[in-house]
Amino acid sequence: MRLSDAELERYARHIVLPQVGGVGQKKLKAARVAVIGAGGIGSAVIPALAGAGMGRLTIIDDDEIELANLHRQPLFRERDSGHPKAELAGQFVQRLNSFVDAAPLQVRIDAGNAEALLTGHDLVIDGSDNFATRLAVSDACVRLGAPLLSGAAVQFQGQVALFRSRPCYRCFVGDAFDAEDCDNCAELGVLGALTATIGSFAALLAINAILGIGEDAAGKLHLFDGEKLAWRMIVIPADPACKACA
Ligand SMILES: [Zn+2]
């Protein structure tokens, strides 16, 4: 794989970094990443990864834009209300970086289709808004051996964790949430700037994971408190009885 002159110019501030270089930039170009949810988290993750030059960005979201999304979803504008999020997020990616292959999918990902939709991706980033989706995505990632980066935000609290097969997201939350399909943001509210913080952190972690920068973040939960303005990290233990990864 080669980088064209236009790509070398475009990614010059990346390539000059010793941790990235031309080799790292080619790794980003070779990466196929699936982003689930073009919502608050996705609105930070998608531009960051498109700008970074991911080779392929699959964007999976079955939802349409509502006015109440706009305080945390700067991918969209007022006039986009009622339009499909995946399609508009895909257009955003193509306008930002034509070297990225954007693949928008306006489908609801669930236990029945997750494995088929996620096959062939090097990393899956889940910023969806409910536990049923998150567990279906996690179980599919465990079966596929695909790393899963999970980001969530509600009120002033956010969290990001990377999972590599074991421990998995199901080890972390348990089985109780399988049937629950709550929209936390609608019920509890969320600060728009918080979803951007969590999404940006998730994008940074994604890039580090693809490039192999720093120590491997897998199995660690990063928690951010938007009132105390403090991050903390806890290690997630593998559940010996986990029905997905044990
Ligand atoms: Zn597990």
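This report describes a zinc site, a set of parallel strands, two helices and several single residues in a predicted model.

## The zinc site

The zinc ion is held by four protein donors, the SG atoms of Cys-168, Cys-171, Cys-242 and Cys-245, lying 2.3 Å from the ion. Angles between the four donor atoms run from 94 to 123°, and the arrangement is therefore tetrahedral. For comparison, the ideal angle for four tetrahedral donors is 109.5 degrees.

Along the sequence, the donor residues follow the spacing C-x2-C-x70-C-x2-C. Distant parts of the chain are linked in this way: Cys-168 belongs to the loop between strand E6 (157–163) and helix H8 (169–173), while Cys-245 belongs to the segment after strand E8 (230–235), 77 residues apart. Both Cys-168 and Cys-245 are buried.

## The loop before helix H8

The loop between E6 and H8 also holds Ser-165 and Pro-167. The peptide bond joining Arg-166 and Pro-167 is cis, with omega about -5°.

Ser-165 is not a glycine, yet its phi is positive, about 60°. With a relative accessibility of 32%, Ser-165 counts as partly exposed.

## Strands E1, E2 and E3

Strand E2 (residues 56–60) pairs with two other strands. Strand E1 (residues 32–36) runs parallel to E2 and is joined to it by five bridges. Strand E3 (residues 101–105) is likewise parallel to E2, again with five bridges. Ile-59 of E2 stands opposite Val-35, and its bridge partner in E3 is Pro-104.

From E2 to E3 the chain passes through helix H5 (residues 85–96), in a β-α-β crossover that is right-handed. E2 itself is mostly covered, with four of its five residues buried. The connection from E1 to E2 goes through helix H4 (residues 40–52), and this β-α-β crossover is right-handed as well.

## Helix H4

H4 has 13 residues, and its first and last C-alpha atoms are 19 Å apart, close to the 18 Å expected at 1.5 Å a residue. Because 10 of the 13 residues are buried, H4 is largely enclosed by the rest of the structure.

The buried residues of H4 include Gly-40, Ile-41 and Ala-44. Just after the helix comes Gly-53, with a positive phi of about 90°.

## Helix H10 and Thr-195

Helix H10 covers residues 192–211. Its 20 residues should span 28 Å at 1.5 Å a residue, and the end C-alpha atoms are 29 Å apart, which agrees. Buried residues in H10 include Leu-194, Thr-195, Ile-198, Ala-202, Leu-205 and Leu-211. An α-helix has 3.6 residues a turn, so residues three or four places apart point the same way. After H10 comes Gly-212, whose phi is positive, near 75°.

Thr-195 lies in H10. Its relative accessible area is 3%, so Thr-195 counts as buried, the cut-off being under 20%. Beyond its neighbours within four places in sequence, Thr-195 is in contact with Gly-40, Ile-41, Ala-44, Arg-72, Ala-153 and Val-190. Of these partners, Gly-40, Ile-41 and Ala-44 are among the buried residues of H4.

## Gln-155 and Leu-229

Gln-155 sits in the loop between strand E5 (148–154) and E6. Its relative accessible area is 39%, so Gln-155 is partly exposed. Outside its neighbours within four places in sequence, Gln-155 is in contact with Leu-188, Gly-189, Val-190, Leu-191 and Leu-194. The C-alpha atoms of Gln-155 and Gly-226 are separated by 8.6 Å, although the two residues are 71 residues apart along the chain.

Leu-229 is placed in the loop between strand E7 (220–225) and E8. Its phi is near 60°, a positive value in a residue other than glycine. Leu-229 counts as exposed, at 64% relative accessibility.

## Val-20

Val-20 is in the loop between helix H2 (12–15) and helix H3 (21–30). At 10% relative accessibility, Val-20 counts as buried.

Leaving out neighbours within four places in sequence, the contacts of Val-20 are His-14, Gln-25 and Leu-211. Leu-211 is one of the buried residues of H10. Between the C-alpha atoms of Val-20 and Ala-103, which are 83 residues apart along the chain, the separation is 25 Å.

Technical notes
Residues numbered from 1 in each chain as written. Predicted model: local features only at pLDDT ≥ 70, side-chain atom pairs only at ≥ 80, totals over all residues. Heavy atoms only, no water. Expected span 1.5 Å × (residues − 1). Buried < 20%, exposed > 50% of the residue type's maximum accessible area, 1.4 Å probe, protein only. Donors = N, O, S within 2.8 Å, 3.2 Å for Na, K, Ca; no water. Tetrahedral: all angles 85-135°; square planar, octahedral: opposite > 155°, others 65-115°. Contact = heavy atoms within 4.5 Å. Pairing = 2+ DSSP bridges. Right-handed = clockwise from strand over helix to strand, strands pointing away.
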